[in-house]
Amino acid sequence: MKYGRKSLHDKIVFYSLAIPAIIIALILLLLLLTQTSLSIPIFNVQGVTSTYISTTWRPSYEPPPTGAWYGLLPAIWGTLTSAIIAVLLALPLSLSVVIFVEEILPRRFREYISAIIDLMAGMPTILFGIWGLSFLGPILQAYVMTPLHEYLGFIPVFSCKPLAPATVLTAGVLLSLMIFPFMVVVIQETYRAIPITYKEAGWSLGLTMYEYVKLNMSMISPAIVSAILLGFGRASSETAAVTLVVGNAYNIGFCILSPAYTISSLIANQFTESGDFPYMQNALFAGGLILLIIGLIVNTIGIIILRRLRF
Amino acid sequence: MSYGIAVEVKNLNVSIAGKPILKDVNVKIPESTITAIMGPSGSGKTTLLRVLNRLIDLIEGVEVKGSVKIFGRNILETDPYEVRRMSGMVFQIPNPFPHLSIYDNVALGAKINGIAKSKRELDELVKWALEKAMLWDEVKDRLRDPPWKLSGGQQQRLCLARALALKPRLLLLDEPTANIDPVNTLKIEEALRNLKKEEDMTIILVTHMPHQAIRISDYIIMLYEGVVVEVGPTEEIAINPKHELTSRFLRGEM
């Protein structure tokens, strides 16, 4: 026997601990199965590809394709653009925090900063949402988005006039504030794990602080890539806060100063009424399915890269 | 060959968090020689070595008093980044940067410190450093490989090459052969002798192996509990140690 002789007591402990672990794996499988099976009806009437690449969202009591039509591309586009903005802003922010805390801040203050970062990472996201809508959005509209449009309006991403505080950019900025504590933790843990002997070797070559930090950051670049991917995963799946600040308009375009939808905000806004319209709920499940797939891919790659890091 | 003084330490006192580590250290180390700092663990050998390139500054709560001159410059009053560029250092555990290739490990310091101006100069410098570290023949066909493909002893010679690429006049080694096999140990010792002879390099080596000190050093500094108990030419100390602690250390009794 592989594990040698086991007493009855050991067996009871083994199975009672193994079962919850198996259940977790089964739930993931079940989630995937439900999402897929409930998406299939809309794929049957609209086709998989046209459901995902169509830009029309037309609820109707008449079923698709002649009456209603549920194309998901604007929501997918809104999800990707707001998440990309979030990551682009959060990356320099989190790198600076890690460098400051690890290399400049005296050791005795570090735990306070870490506590604040942990607190932010665990904050209920709806709090970010109402803060974003009532405070951050109006400020961005007045002092960031309007000037961007006025002075840099010739660049396509800033070409539309920011008519409301809730836009793709607002969602991206808010998301960046929400994911950056999480990215800090991923990068910081790896940065701290760099063996002291490499750090000493760096200093012994006479590197300046800038060159030294650059060397260390390149040493842990897999962790940085992984933080980007995991941050992107979080940003693309965030719901409560984004629903409040993204504007919820079924637009698609390159301009980030206009309101839009994300997949999760679309589901959150429409799901309760979707039972009234034939196939609409299935379309929302199809949106959930693509979100789940994006999340699985991004997080899996992120975790694999982090694991492969060697010192 | 010149016989000036490379390192002059006067009344050096070092304490960490109030605890004295080095007490009133006074030594002069001549140029183009190999000096071994000997002593049991905890005697302050590594601390003394790390004062010489200000790596000691990295320890929180450290206090350094006295004067340390390297080639006439008081390094305690010089910018630490500049001090570190004056010498190369090899550590106890082989520590080539794992994300850089063999070539880039050697080239890094030289590139950043502006020692090599062009790609060709850099290539030549890397070759020179690897040759001096007696590693060139083993890696010349795989300079782009990551360093962890090398054996431990080869990695340590790579670290020696990385230090040499700074073209330092002073080379510091902290028990460089403590973790590697006898063959690689002899290769590193031969490399050090050649660096002294051919490049006029001043080499200071911390070791807890008396035989190593006798094999390669010209001078010995014997430390015990932060105090220099004996300094002198290796032949004299090896044959006729003046201090009881030194003779016990040389006999391997501590």
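This is a short tour of a predicted model, with stops at a helix pair, a chain interface and a few backbone oddities.

**Stop 1: two helices in chain A**

Start by selecting residues 107–121 of chain A, which form helix α4, and then add residues 168–193 of chain A, helix α6. These two pack with their axes 8 Å apart, at an angle of about 135°. An angle over 145° would count as roughly antiparallel, so at its value the α4(A) and α6(A) pair is classed as oblique. The crossing of α4(A) and α6(A) is left-handed.

Now show side chains. On the α4(A) side, pick Arg110(A), Ser114(A), Ile117(A), Asp118(A), Met120(A) and Ala121(A). From α6(A), the partners are Leu177(A), Phe180(A), Pro181(A), Val184(A), Val185(A), Gln188(A) and Arg192(A). Colour the residues of this contact by type and you should get 8 nonpolar, 2 polar and 3 charged.

**Stop 2: where chain B meets chain A**

Zoom out and bring up both chains. How many residues does each chain put into the contact? Chain B gives 25 and chain A gives 19. Between them, about 2000 Å² is buried, and carbon and sulfur atoms account for 65% of that area.

If you want to know which chain B residues to click, go for Tyr81(B), Phe97(B) and His99(B). That trio supplies 25% of the area chain B buries against chain A, more than any other three residues.

There is charge pairing here too: 3 salt bridges are found across the interface of chain B and chain A. For a salt bridge to look at, select Arg107(A) and Glu60(B). Their side chains meet at 3.0 Å, N to O. While you're on chain A, recall that helix α4 covers residues 107–121.

**Stop 3: a cis peptide in chain A**

Back in chain A, select Pro64(A) and Pro65(A) and check the bond that joins them. Cis or trans? It's a cis peptide bond, with omega at about 5°. To place it, show β1 (57–58) and β2 (69–70) of chain A: Pro65(A) sits in the loop between them.

**Stop 4: positive phi in chain B**

Finish with two backbone spots in chain B. Select Asp24(B): its phi is near 45°, a positive value in a residue other than glycine. You'll find Asp24(B) in strand β2 of chain B, residues 19–30.

Then jump to Glu175(B), whose phi is near 45° and is again positive in a non-glycine residue. Glu175(B) lies in a loop, the one between β7 (170–174) and α7 (182–199) of chain B.

Notes
Residues are numbered from 1 along each chain as its sequence is written. Chains are lettered from A and ligands numbered from 1 in the order in which they are written. This is a predicted model: local features need pLDDT of at least 70, side-chain atom pairs count only at pLDDT 80 or more; totals for chains, interfaces and linings use all residues. Side-chain values use heavy atoms; hydrogens and water are left out. Axes are lines fitted to C-alpha atoms, for helices over the stretch in contact, and angles run from 0 to 180 degrees between N-to-C directions. Helices (H or I, at least four residues) and strands (E, at least two) are DSSP runs, numbered from the N terminus. Angles under 35 degrees count as roughly parallel, over 145 as roughly antiparallel, 65 to 115 as roughly perpendicular and the rest as oblique. A crossing is left-handed if the near helix is turned anticlockwise from the far one by less than a right angle, and right-handed if clockwise. Contact means heavy atoms within 4.5 Å. Ala, Val, Leu, Ile, Met, Phe, Trp, Tyr, Cys and Pro count as nonpolar, Asp, Glu, Lys and Arg as charged, and the others, Gly among them, as polar. Buried area is the accessible area (1.4 Å probe) that two parts lose on being put together, summed over both. A salt bridge is a side-chain nitrogen of Lys or Arg within 4 Å of a carboxyl oxygen of Asp or Glu.
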